[in-house]
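Hi everyone, thanks for coming. I'd like to walk you through one structure today, so please have a look at the screen.

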Amino acid sequence: MFRRTVRILAALTMAAAATLVTTVTTAAPAQADGCYTWGRTLSEGMTGEDVRQLQIRVAGYPGYNAVLVIDGVFGPATRAAVVRFQQAYGLGADGIAGQQTFNRIYALQDDDCTPVNFSYAELNNCNSTWAGGAVSAATARFNALVNMWKLQAMRHALGDQPIRVTSAFRSHACNDAVGGSPSSRHLYGDAVDLGVSPHSLCRLAQQARNHGWREILGPGYPGHSDHTHVAHDPIRTWSASSCGVS
């Protein structure tokens, strides 16, 4: 009887230990912030909304004089951008977006999907609705989000020092009030004017060439002696002759 009791107690102890081990090994992984959580590893050839969300975050790493298309298709350009992002943050640069890459992105973003060093309010001192421009409010807001991630990439490349935004989204009324061009990219939410901060206007214009903007205007271009302008213009226009940017 005694031996049988011992065996039963031993079995119960082992069962409890097994339950504990199972509980530990099957624990849910740590969640990301309140913005977006990736649920699979992404690599070349894959498609989907999760790829598109990744492209937004690495839009600032297309390479010199290149622009990353945000289309939800993980092609060679997206892989190259992921590699540059990984290299910038000291990760294994294999072009595959796995947990290490996602963790770095999680650490860089706030709960509204904006990068930690920029905000929607910073890119819109015109109105609170993003309405009244050349595109819908939703499109203008999305364009601003992509620009913020490009600015975050440039900020990191410049030693993680602040970049000062002086103007971004404008409605037609706000654009008219400051004498902006009727075709200004500010009306689309994808243009940003940058002022002197720790960096000169020329340094900003020069660095911007690596971060996905087709339009770069700065010192030497008429009306741009006091700021550097970056935008996603369909036609490539780089003109900051005082800075060697053309």
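Let's begin with the sheet: in what order do the five strands sit, and how are they paired? Before I answer, please keep in mind that this is a predicted model. The order is β1-β2-β4-β3-β5, in an open sheet with mixed pairing. At the edges you'll find β1, residues 164–167, and β5, residues 237–239, each pairing on one side only. From one strand to the next, the twist averages 25°.

Now look at one pair inside that sheet. β2 and β4 run antiparallel to each other, joined over four bridges. If you'd like a landmark, find Ala191, which stands opposite Ala231 in β4.

Next, the helix on the sheet. α5 lies across β1 and β2, and its angle to β2 is about 35°. That brings us to the core. The largest nonpolar core has 51 residues, and those with the most contacts inside it are Leu42, Leu54 and Met154. Contributors of at least two residues each include α2, α3, α4, α5, β2 and α7. Which of the elements gives this core its largest share? That is α5, with nine residues. As a general point, nonpolar side chains in soluble globular proteins tend to be buried together.

Let's zoom in on Met154. Setting aside neighbours within four places in sequence, Met154 is in contact with Ile163, Leu194, Leu204, Gln207, Ala208, His211 and Trp213. Three of those names come back when we turn to α7, residues 201–208: Leu204, Gln207 and Ala208 are buried there, and so are Leu201 and Ala205. What covers these buried residues of α7? The cover includes α5, which spans 137–157, along with β2, β3 and β4.

My last stop is α3, residues 76–88. This helix has 13 residues and reaches 18 Å from its first C-alpha to its last, close to the 18 Å expected at 1.5 Å a residue. Its buried residues are Thr78, Ala81, Val82, Val83, Phe85 and Gln86. When you look at that spacing, remember that an α-helix has 3.6 residues a turn, so residues three or four places apart point the same way. And what do the buried residues of α3 pack against? They pack against α2 and α4. After the helix comes Gly90, with a positive phi near 70°.

That's my tour. Thanks for listening, and I'm happy to go back to any part of it.

Notes. Residues are numbered from 1 along each chain as its sequence is written. This is a predicted model: local features need pLDDT of at least 70, side-chain atom pairs count only at pLDDT 80 or more; totals for chains, interfaces and linings use all residues. Side-chain values use heavy atoms; hydrogens and water are left out. Buried means under 20% relative accessible area, exposed over 50%, partly exposed in between (1.4 Å probe, protein chains only). Contact means heavy atoms within 4.5 Å. A nonpolar core is a set of buried Ala, Val, Leu, Ile, Met, Phe, Trp, Tyr and Cys residues joined through side-chain atoms within 4.5 Å. The expected span of a helix is 1.5 Å times one less than its number of residues. Two strands pair if DSSP finds at least two bridges between them. Axes are lines fitted to C-alpha atoms, for helices over the stretch in contact, and angles run from 0 to 180 degrees between N-to-C directions.
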